[in-house]
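Subject: Structure handover

Hello,

Here is the structure I promised to pass on. Please open it first, then read the notes below.

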Amino acid sequence: MGAVPVDIGDGYEQLAERGYGYGPAFRGLTSMWRRGEEVFAEVSLPADAGVSVAGFGVHPVMLDAALHAVILASDSDEFAAGSALVPFSWQQVSLHAAGAAQYGRGSCR
């Protein structure tokens, strides 16, 4: 694969410093890698989240956790102070399994 692991040990503290406040149910980013411009993330629904994946192709909490990797990979100097990075366009996204509490690696550019 050639991707390099990224230490996310203080990732949620970094996100909080950038204005993103995530409670326990929304802290699902478990691993992250980079390969050039690509970002890979592994996410899981926290055990104490108190939510069910039933009825969702991808639970919103899981999707949000995957986006945390994109935010952490971005250079905070690229954005004006107090601004938030929010995705507004998706391309080449597909769902291969529904209702899982843990998703393997996916990538974003």
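E38 is buried, because its relative accessible area is 13%, and the cut-off for buried is under 20%. Keep in mind that this is a predicted model. What does the side chain of E38 meet? It meets the side chain of R35 in a salt bridge, at 2.8 Å from N to O. R35 has a relative accessibility of 32%, so R35 counts as partly exposed. The bridge therefore joins a buried residue, E38, to a partly exposed one, R35. The structure holds one salt bridge. In general, side chains of opposite charge can pair when their charged atoms come close.

Now the overall layout. The protein chain has two helices and four strands. Along the sequence they follow the pattern β-α-β-β-α-β. The chain has 109 residues, and 31% of them count as buried.

Next, the aromatic rings. A pair of aromatic rings is described by the distance of the centres and the angle of the planes. How many aromatic pairs are there? The count comes to two. Y12 and Y22 form an edge-to-face pair. Their centres are 6.1 Å apart, and their planes stand at 80°. This pair links distant parts of the chain. Y12 is in helix α1, while Y22 is in the loop between α1 and β2, and 10 residues separate them. Y20 and Y22 form the other arrangement, a stacked pair. Here the figures are 6.3 Å centre to centre and 0° between the planes. Ring pairs thus link Y12, Y20 and Y22 into a cluster.

Are these tyrosines buried or exposed? Y12 has 12% relative accessibility, so Y12 counts as buried. Y22 is at 15%, and for that reason Y22 counts as buried too. Y20 is buried because its relative accessible area is 12%.

W33 is worth a look as well. W33 is found in strand β2, which covers residues 29-35. W33 is buried, because its relative accessible area is 14%. Which residue is 36 residues from W33 in sequence and 8.8 Å away in space? That residue is A69, with the distance taken from C-alpha to C-alpha.

Two patches on the surface come next. The charged patch is negative, and D7, D10, E13 and E17 gather in it. One of them, E13, sits in helix α1, which covers residues 11-17. E13 counts as partly exposed because its relative accessibility is 43%. The nonpolar patch is made by V58, L63 and L95. Its area is about 230 Å². V58 is found in the loop between β3 (38-44) and α2 (60-73). At 35% relative accessibility, V58 counts as partly exposed, because partly exposed lies between buried, under 20%, and exposed, over 50%.

For a quick tour, try these stops:

- The salt bridge: E38 and R35.
- The ring cluster: Y12, Y20 and Y22.
- The strand residue W33, with A69 at 8.8 Å from C-alpha to C-alpha.
- The negative patch: D7, D10, E13 and E17.
- The nonpolar patch: V58, L63 and L95.

Best wishes

Notes:
Residues numbered from 1 in each chain as written. Predicted model: local features only at pLDDT ≥ 70, side-chain atom pairs only at ≥ 80, totals over all residues. Heavy atoms only, no water. Patch = residues over 30% accessible without salt bridge, like charges linked within 9 Å, V, L, I, M, F, W, Y side chains within 5 Å. Areas by Shrake-Rupley, 256 points an atom, 1.4 Å probe, with all protein chains shown as cover. Salt bridge = Lys/Arg side-chain N within 4 Å of Asp/Glu carboxyl O. Lys, Arg positive; Asp, Glu negative; His and termini not counted. Charge placed at Lys NZ, Arg CZ, Asp CG, Glu CD. Buried < 20%, exposed > 50% of the residue type's maximum accessible area, 1.4 Å probe, protein only. Phe/Tyr/Trp six-rings, centres within 6.5 Å; stacked < 30°, edge-to-face > 60°.
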